[in-house]
Amino acid sequence: GTECDPIIISTAEELFMLTAPEVGKQGYYFKQNANIDISNAWFTVEFKGHYDGHGYVLEGKNKNEAFFEQVIDGSTVKYLKLSGCSLAKKIHDSTIQGCETDQHMIFGSALRGRFLDCIVTGSLVTNELIECDVLRCKILAPSLGDDYSKLGEIVKNSNIEDCEIIF
């Protein structure tokens with residue numbers, strides 16, 4: 001998949017292809033073109049590439065799960081709506097743009113990440129937010145009965161601009 005000709009993802013079976021390192025860790029471009037329910041066929045993905053959710057929903061299993069195990073090394077995930085799961089457990093040197101979740105965005109840590117125009121019910125990051133840019137994000141609270149901080153338990157050397165935390 002290239003930027004001009006991405007791999008199209010329409011079903012849980014096609015999404016499952018991302019679990020194979022020769023697909024999900026090669027820097028390919030993907031575009032989701034339908035809502036996908038993976039609540040009955042849960043799997044996690046270590047991801048290096050570019051995923052455009054195109055405004056569609058990825059329906060997860062429960063609030064303590066994250067779809068991406070890791071999003072790494074120059075990856076982007078954009079315009080993906082998540083319901084019933086977090087986006088990732090970790091991001092490293094990656095950009096999350098225009099994503100929405102009714103859970104935590106990152107159920108873990110973010111290092112040198114960029115969060116742009118995201119909407120989160122829960123925490124942006126549950127653990128560490130280190131050397132990140134957080135721009136124009138909206139964090140809706142209270143979060144799911146959990147006692148997590150809204151930006152992260154530890155926030156270091158990060159730039160937070162034009163964001164709202166709504167209680």
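**How do we know? A tour of a predicted model**

In this predicted model, 8 strands line up in an open sheet, in the order β1-β2-β5-β8-β11-β14-β17-β20, with parallel pairing.

Q: What makes β1 and β20 the edge strands?
A: Each of them pairs on one side only. β1 covers residues 7–9 and β20 covers 159–161. As for the twist, it averages 10° from one strand to the next.

Q: How do you know that β8 and β11 pair?
A: Count the bridges. Two strands pair if DSSP finds at least two bridges between them. β8 (residues 76–78) and β11 (residues 95–97) have 3 bridges, in the parallel sense, so they qualify. Along the way, Val-77 stands opposite Ile-96 in β11.

Q: Why is the meeting of Phe-16 and Phe-43 called an aromatic pair, and why edge-to-face?
A: The structure holds 8 aromatic pairs, and this is one of them: 5.1 Å centre to centre, with 90° between the planes. Ring centres have to lie within 6.5 Å, and planes over 60 degrees apart count as edge-to-face, so this pair passes on both points. Phe-16 sits in helix α1 (residues 12–16), while Phe-43 is in the loop between β3 (36–37) and β4 (45–47), 27 residues apart.

Q: Why is Phe-43 called buried, but Phe-16 partly exposed?
A: Buried means under 20% relative accessible area, and Phe-43 has 9%, so the word fits. Phe-16 has 46%, which falls between 20% and the 50% cut-off for exposed, so Phe-16 is partly exposed.

Q: What makes the pair of Phe-67 and Phe-68 edge-to-face?
A: Their planes are 65° apart, which is over 60, so the label holds; the centres are 4.7 Å apart, within the 6.5 Å limit. Both Phe-67 and Phe-68 are buried. They also belong to one aromatic cluster with Phe-16, Phe-30, Phe-43, Phe-47 and Tyr-51.

Q: How do you know that Asp-93 and Arg-112 form a salt bridge?
A: Their side chains meet at 3.0 Å, N to O, and the limit is 4 Å, so they make the cut. Asp-93 lies in the loop between β10 (86–92) and β11, and Arg-112 in the loop between β13 and β14 (114–116), so the pair ties together parts that are 19 residues apart in sequence. The structure holds 6 salt bridges.

Q: What makes Asp-93, Arg-112 and Glu-131 a network?
A: Salt bridges link them. Besides meeting Asp-93, Arg-112 meets Glu-131 at 3.7 Å, N to O, which is still within 4 Å. Glu-131 comes from the loop between β16 (128–130) and β17 (133–135). Asp-93 has 29% relative accessible area, Arg-112 has 35% and Glu-131 has 38%, so each counts as partly exposed.

Q: Why is the meeting of Arg-114 and Asp-133 called a salt bridge?
A: The side chains come to 3.5 Å, N to O, within the 4 Å limit, so the name applies. Arg-114 is in strand β14 and Asp-133 in strand β17, 19 residues apart.

Q: Why does Ser-109 count as buried, while Gly-27 counts as partly exposed?
A: Ser-109, in strand β13 (residues 106–111), is at 18%, which is under 20%, so Ser-109 is buried. Gly-27, in the loop between α2 (21–24) and β2 (29–32), is at 24%, so Gly-27 lands in the partly exposed range. Beyond its sequence neighbours within four places, Gly-27 is in contact with Lys-48, Gly-49 and His-50.

How values were computed
Residues are numbered from 1 along each chain as its sequence is written. This is a predicted model: local features need pLDDT of at least 70, side-chain atom pairs count only at pLDDT 80 or more; totals for chains, interfaces and linings use all residues. Side-chain values use heavy atoms; hydrogens and water are left out. Rings of Phe, Tyr and Trp (its six-membered ring) pair if their centres lie within 6.5 Å; planes under 30 degrees apart count as stacked, over 60 as edge-to-face and the rest as tilted. Helices (H or I, at least four residues) and strands (E, at least two) are DSSP runs, numbered from the N terminus. Buried means under 20% relative accessible area, exposed over 50%, partly exposed in between (1.4 Å probe, protein chains only). Axes are lines fitted to C-alpha atoms, for helices over the stretch in contact, and angles run from 0 to 180 degrees between N-to-C directions. Contact means heavy atoms within 4.5 Å.
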